[in-house]
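Hi,

Here is the structure I said I would pass on. Have a look at it first, and my notes follow underneath.

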Amino acid sequence: MSTTSRFVRSDDWDEASHVVSDVYFPHRLTPLSRETASNTVAEAVELGPVKITRIGWGADVSIQSDHPGAYAVNVPLSGHLESVTGKTEVSSAPGSGTICPPDTTTLITDWSKDCSIIGVRVDRDYLHREMARILARPGLRLPPQFDLTSENGASWLALVRSLLDQMLRSDGVYANPLVAEQLSGAVTTALVLAAIPDDETAGAGTRPRIVKRVIDEIHADPARAWTAAEMAEIAGVGVRRLQEGFQEYVGVSPRDYLLDVRLDRVHAELLRADSSATVSDVAMRWGFTHTGRFAAAFRKKYGAAPSDVLRG
């Protein structure tokens, strides 16, 4: 489900910081000048695992965040950002974007007074799964900075800016969970293709068909009572060869990949379910037959019990 929010401007830096934390990431804010927070602007729209924001402080500030559980993609529309993650220093201005890794301290040492950004927050696990689907080579990581003047980069930025502007005016059809799911996938796929150099993504089309066939079938019908033999039959190889293919090109077994997809579907349905729904019904609908194992896997992945997510 998509949501929108706007920040009513205030002179108070603590209030400004609190609202930006709510719409983007928790952080520690340090004003670097004597200006008040009266020119701070924060707007956000949400598409499931993807959130698109527009943020400007209207003053020189410093920001520190660990970006828990998600990547931050900060794209200056004006001004500049100076960021440090570990030993990596990145300076971004219009035409380039900074990518901050999840669960890792990044210090924006200088967010200039005239800097307004498009910020895109992408759930860590969701992005990693999409990268595994898109790219043929395991182990690739997003770079600390990417070019938005390239064809792919400019197209991605145009997409996220258009979605932000349209959804701030009205959710409309974007509020439909099916539409939101498709759009979050489009934003994430376009991000990966824009951020990973062409020479590294060149192998994406060479992923073995045995792996792609099974992945496509799993996403089409994750609730199916899958067996290893059925997956191997779809792939046209033996079970052992299929296992080897998944480990090499996806990094997990076919069974673990299926579990992850099912958990995603359950989590998404619980978030939008009404009071008449039950956890067991939703879990069964997506192929879980053992409630104890399901609950343990769900808690491990999301850090909360399914019932807590349902109650919202």
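Asp103, Arg124, Asp125, Arg129, Asp260, Asp264 and Lys301 are linked in a network of salt bridges. Bear in mind that this is a predicted model. Across the whole structure, a search turns up 12 salt bridges.

Arg124 is a good place to start. Its side chain meets that of Asp103 in a salt bridge, at 2.4 Å from N to O. That pair links distant parts of the chain: Asp103 sits in the loop between strand 9 and strand 10, Arg124 sits in helix 2 (residues 124-134), and they are 21 residues apart. Arg124 also forms a salt bridge with Asp125, this one at 3.1 Å. As for exposure, Asp103 is partly exposed at 44% relative accessible area, Arg124 is partly exposed at 26%, and Asp125 is partly exposed at 23%.

Then there's Lys301 with Asp264, a salt bridge at 3.9 Å, N to O. Lys301 belongs to helix 11 and Asp264 to helix 9, so the pair ties together parts that are 37 residues apart in sequence. Lys301 is buried, with a relative accessible area of 17%, whereas Asp264 is partly exposed at 22%.

Now back to strand 9 (residues 96-100). Five of its five residues are buried, with Ser96, Thr98 and Cys100 on one side and Gly97 and Ile99 on the other. What does strand 9 pair with? Strand 6 (residues 70-78) runs antiparallel to strand 9 over three bridges, with Ala72 partnering Cys100. Strand 12 (residues 145-147) is also antiparallel to strand 9, again through three bridges, and there Ser96 stands opposite Asp147.

Cheers

Definitions and conventions:
Residues are numbered from 1 along each chain as its sequence is written. This is a predicted model: local features need pLDDT of at least 70, side-chain atom pairs count only at pLDDT 80 or more; totals for chains, interfaces and linings use all residues. Side-chain values use heavy atoms; hydrogens and water are left out. Buried means under 20% relative accessible area, exposed over 50%, partly exposed in between (1.4 Å probe, protein chains only). Helices (H or I, at least four residues) and strands (E, at least two) are DSSP runs, numbered from the N terminus. Two strands pair if DSSP finds at least two bridges between them. A salt bridge is a side-chain nitrogen of Lys or Arg within 4 Å of a carboxyl oxygen of Asp or Glu.
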